[in-house]
Amino acid sequence: MKVKQISIFLENKSGRLAQVTRVLGDNGINIRALAIADTTDFGILRLIVNDPDRAYRVLREAGFTVSATDVIAVEVLDEPGGLAGVLAVLQEANLNIEYLYAFLQKASKAALVVFRVEQLDQAIAALQAKGIRILSGEEVYAL
Amino acid sequence: MYWDREYETMSREQLRILQLERLKLTIERVYRNVPFYRQRFIEAGIKPSSIRTLEDLRRLPFTTKQDLRDNYPFGLFAVPMSDVVRVHASSGTTGKPTVVGYTQNDINTWAELIARSLTCAGATRFDVVQNAYGYGLFTGGLGLHFGVERLGATVVPVSGGNTRRQLMLMQDFGTTILTCTPSYALYMAEEGQKMGLDFKKLPLKAGIFGAEPWSERMRQQLEEKLDLMALDIYGLSEIMGPGVAMECAAKQGMHIWEDHFIPEIIDPATGEVLPPGEQGELVITTITKEAFPLIRYRTRDITRIDPEPCSCGRTHVRIKRITGRSDDMLIIRGVNVFPSQVESVLLEFGETEPHYLLVVDRKENLDSLEIWVEVAEHMFSDTVRKLEDLEYRLRERIESVLGISARVKLVEPNTIPRSEGKAKRVVDRRQI
């Protein structure tokens with residue numbers, strides 16, 4: 001049920017993001033979702049791609065500091081209160097969200113949101129118990 | 001005006017006789033009391049009795065900062081600890097500082113030499129000396145302090161920092177002599193100007209500026225802005241602290257007090273003593289110190305000796321402004337900093353081959369230090385909070401090792417230039 005996310009350390013200077021996307025593009029890797037967390041000095045680019053292992057390798061070879069992190073991709077109803085419902089489940093289970101971001105495209109009628117929580121397995125269990133759909137890695141990479 | 005006319009104006013011939021006598025005693029003492037020196041002398045085939053002339057000094061091996069480190073903390077002391085009344089410390093090349101000790105006689109000598117140095121700047125017991133060198137392990141503050149008291153002037157032990165308070169005291173106490181680093185003096189001048197302070201109306205007459213390299217350009221600025229006579233003072237904790245050498249009103253270099261120290265200039269690459277007047281590394285032998293005598297200590301400071309007589313009448317030779325270093329030491333806000341100290345911290349953080357760069361700059365006369373650290377994979381975390389925490393912990397640790405504040409900036413791999421396989425560790429953008 002876990003999806004592998006690629007994180008890249010970027011300094012806040014022009015052209016760095018372009019460089020990452022160029023490396024991925026040159027290697028035929030498609031970006032499914034992305035988010036940037038930044039401070040005044042640096043940023044962390046988080047990516048869901050169609051081939052995370054390959055993305056990890058090619059970015060590393062290109063000289064970037066890269067890490068792979070497990071996250072979950074949750075189907076959220078594309079209607080008012082959709083996300084609130086998912087968050088309520090996690091809150092009830094006392095699970096702290098480190099960060100979340102949305103996919104660029106939808107899976108059928110629902111929106112897709114990436115969640116990073118420390119206790120992934122507990123989150124998966126809590127969400128599934130409420131009938132919320134979590135996509136597998138294979139499903140996400142093949143989107 | 002002299003503090004100690006007899007010694008300050010002694011004939012060269014007499015001075016040489018005195019130096020030889022004191023050198024012989026020092027060599028005998030270290031041979032007897034410091035195993036490190038005895039071992040070194042034996043290896044070099046030298047006995048105390050081999051020292052018959054001042055020229056024989058050249059036969060003795062050098063002492064380096066590494067030797068001080070190897071004998072940390074008290075291994076090179078030549079007296080029992082019961083005779084040591086004070087210790088000071090300065091930056092070592094890694095986490096451990098360089099420790100020096102003083103007997104009561106050493107403290108007295110130091111005070112005498114500072115009193116001499118203050119007199120060079122025209123100070124008398126009627127002066128108010130605002131001492132803005134840092135107090136503590138650093139030799140600047142306490143060194144100057146005892147000398148001002150010896151002179152009989154009034155010392156204001158304000159220490160460094162808190163510029164507003166400095167300027168207030170300067171006005172309220174009628175400071176006549178300011179002692180601090182030249183860059184801090186310039187900073188005070190500019191802060192004072194911003195507050196609308198007219199230094200021409202203050203009784204300031206001289207500034208004794210040291211602990212970092214400066215220039216004639218800075219002298220001009222300091223004299224104009226603060227309306228005083230700006231003089232250079234030289235010292236290093238290993239040898240004593242400030243007051244090893246001091247400029248007189250002729251402003252033609254710093255008289256090194258040769259009745260207590262023997263200076264030599266060597267080629268830093270070969271160790272050969274250079275002919276008089278040539279530029280090279282300053283090597284100093286102490287000939288009166290009791291607790292921590294140093295034989296041919298390599299200061300790593302680059303300068304030259306001017307042996308010409310001085311118009312002030314003092315017979316002691318002058319060393320010229322320090323123009324650089326023969327090692328990679330930096331002086332930031334008067335504090336000695338070695339890139340290897342930063343490296344030792346990164347090693348503590350699990351870096352096996354740390355890539356880092358010290359970026360030093362001077363903005364509004366204040367030195368800033370930024371340390372760039374390449375983020376290796378094992379340091380990298382997916383969350384901002386953890387990376388910021390890493391920055392914070394690195395900064396805390398680096399500050400505690402260096403003794404000055406620094407900013408840590410995490411950078412991407414391979415952003416720090418590597419030249420010929422060896423990384424460049426320092427970018428110094430300061431214009432002095």
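# Exercises on a predicted two-chain model

B:V283 stands opposite B:R298 in β12(B). The model is predicted. Work through the exercises with the structure open.

## Exercise 1. A sheet in chain B

Place this pair of residues in its strands, then in the sheet.

Solution.

Step 1. Take the two strands. β11 of chain B covers residues 280-286, and β12 of chain B covers residues 297-303. They pair in the antiparallel sense over four bridges.

Step 2. Widen the view. β11 and β12 belong to an open sheet of four strands in chain B, ordered β10-β11-β12-β15. The pairing in this sheet is antiparallel.

Step 3. Find the edges. β10 (261-266) and β15 (324-325) of chain B each pair on one side only. That makes them the edge strands.

## Exercise 2. The build of chain B

Describe chain B as a whole, and test its radius of gyration against that of a compact globule.

Solution.

Step 1. Count the elements. Chain B has eleven helices and 23 strands.

Step 2. Apply the globule rule. For 432 residues, a compact globule would have a radius of gyration near 22 Å. Chain B has 22 Å, so the two agree.

Step 3. Take the extents. Along the principal axes, the C-alpha atoms of chain B fill a box of roughly 70 × 60 × 40 Å.

Step 4. Check burial. In chain B, 45% of the 432 residues count as buried.

Step 5. Check contact range. Take the contacts in chain B between residues at least 6 apart in sequence: 66% of them join residues at least 24 apart.

## Exercise 3. Two domains in chain B

Locate the domains of chain B and describe the contact between them.

Solution.

Step 1. Set the bounds. Domain 1 of chain B runs over 100-327, and domain 2 of chain B over 332-428.

Step 2. Take the separation. Their C-alpha centres lie 31 Å apart.

Step 3. Count the contact residues. Domain 1 of chain B gives eight residues and domain 2 of chain B gives seven residues.

Step 4. Look at the domain 1 side. Helix α8 (residues 182-194) of chain B supplies four residues, the largest share of that side.

Step 5. Sort that side by class. The domain 1 residues that touch domain 2 of chain B are three nonpolar, three polar and two charged.

## Exercise 4. One residue after the last listed strand

Is B:R429 buried or exposed? Place it and find its contacts.

Solution.

Step 1. Locate the residue. B:R429 lies in the segment after β23 (426-428) of chain B.

Step 2. Count neighbours. B:R429 has 10 C-beta neighbours inside 10 Å. The cut-off for exposed is 12 or fewer. B:R429 therefore counts as exposed.

Step 3. List the contacts. Beyond its neighbours within four places in sequence, B:R429 is in contact with B:V360 and B:D361.

Step 4. Compare sequence and space. B:R429 and B:V359 are 70 residues apart along the chain, yet 7.5 Å separates their C-alpha atoms.

## Exercise 5. The build of chain A

Give the element pattern, size and domains of chain A.

Solution.

Step 1. Count and order the elements. Chain A has five helices and seven strands. Along the sequence they follow β-α-β-β-α-β-α-β-β-α-β-α.

Step 2. Apply the globule rule. With 143 residues, a compact globule would have a radius of gyration near 15 Å; chain A has 16 Å, which agrees. The C-alpha trace of chain A spans about 45 × 35 × 25 Å along its principal axes.

Step 3. Check burial. Of the 143 residues of chain A, 29% count as buried.

Step 4. Set the domain bounds. Domain 1 of chain A is 2-69, and domain 2 of chain A is 71-141. Their C-alpha centres are 22 Å apart.

Step 5. Describe the domain contact. Twelve residues come from domain 1 of chain A and 13 residues from domain 2 of chain A. On the domain 1 side, β1 (2-11) and β2 (31-38) of chain A each supply at least two residues. By class, that side has five nonpolar, three polar and four charged residues.

Step 6. Add the record. An unreviewed UniProt entry annotates residues 5-79 of chain A as "domain: ACT". Over residues 5-79, chain A is 28% helix and 45% strand. The end C-alpha atoms of this stretch are 26 Å apart.

## Exercise 6. Where the chains meet

Which elements of chain B give two or more residues to the side that touches chain A?

Solution.

Step 1. Count the residues. In the contact, 16 residues of chain B meet 15 residues of chain A.

Step 2. Name the elements. They are α11 (384-402) and β20 (407-411) of chain B.

Step 3. Sort by class. The chain B side has eight nonpolar, three polar and five charged residues.

Conventions:
Residues are numbered from 1 along each chain as its sequence is written. Chains are lettered from A and ligands numbered from 1 in the order in which they are written. This is a predicted model: local features need pLDDT of at least 70, side-chain atom pairs count only at pLDDT 80 or more; totals for chains, interfaces and linings use all residues. Domain bounds come from an automatic or database domain assignment. Two residues are in contact if their C-beta atoms, placed from the backbone, lie within 7 Å. Ala, Val, Leu, Ile, Met, Phe, Trp, Tyr, Cys and Pro count as nonpolar, Asp, Glu, Lys and Arg as charged, and the others, Gly among them, as polar. The radius of gyration is taken over C-alpha atoms; the globule rule is 2.2 Å times the number of residues to the power 0.38. A residue is buried if 20 or more other C-beta atoms lie within 10 Å of its own, exposed if 12 or fewer, and partly exposed in between; C-beta atoms are placed from the backbone. Two strands pair if DSSP finds at least two bridges between them. UniProt positions are given in the numbering used here, feature names are shortened, and annotations may be inferred rather than shown by experiment.
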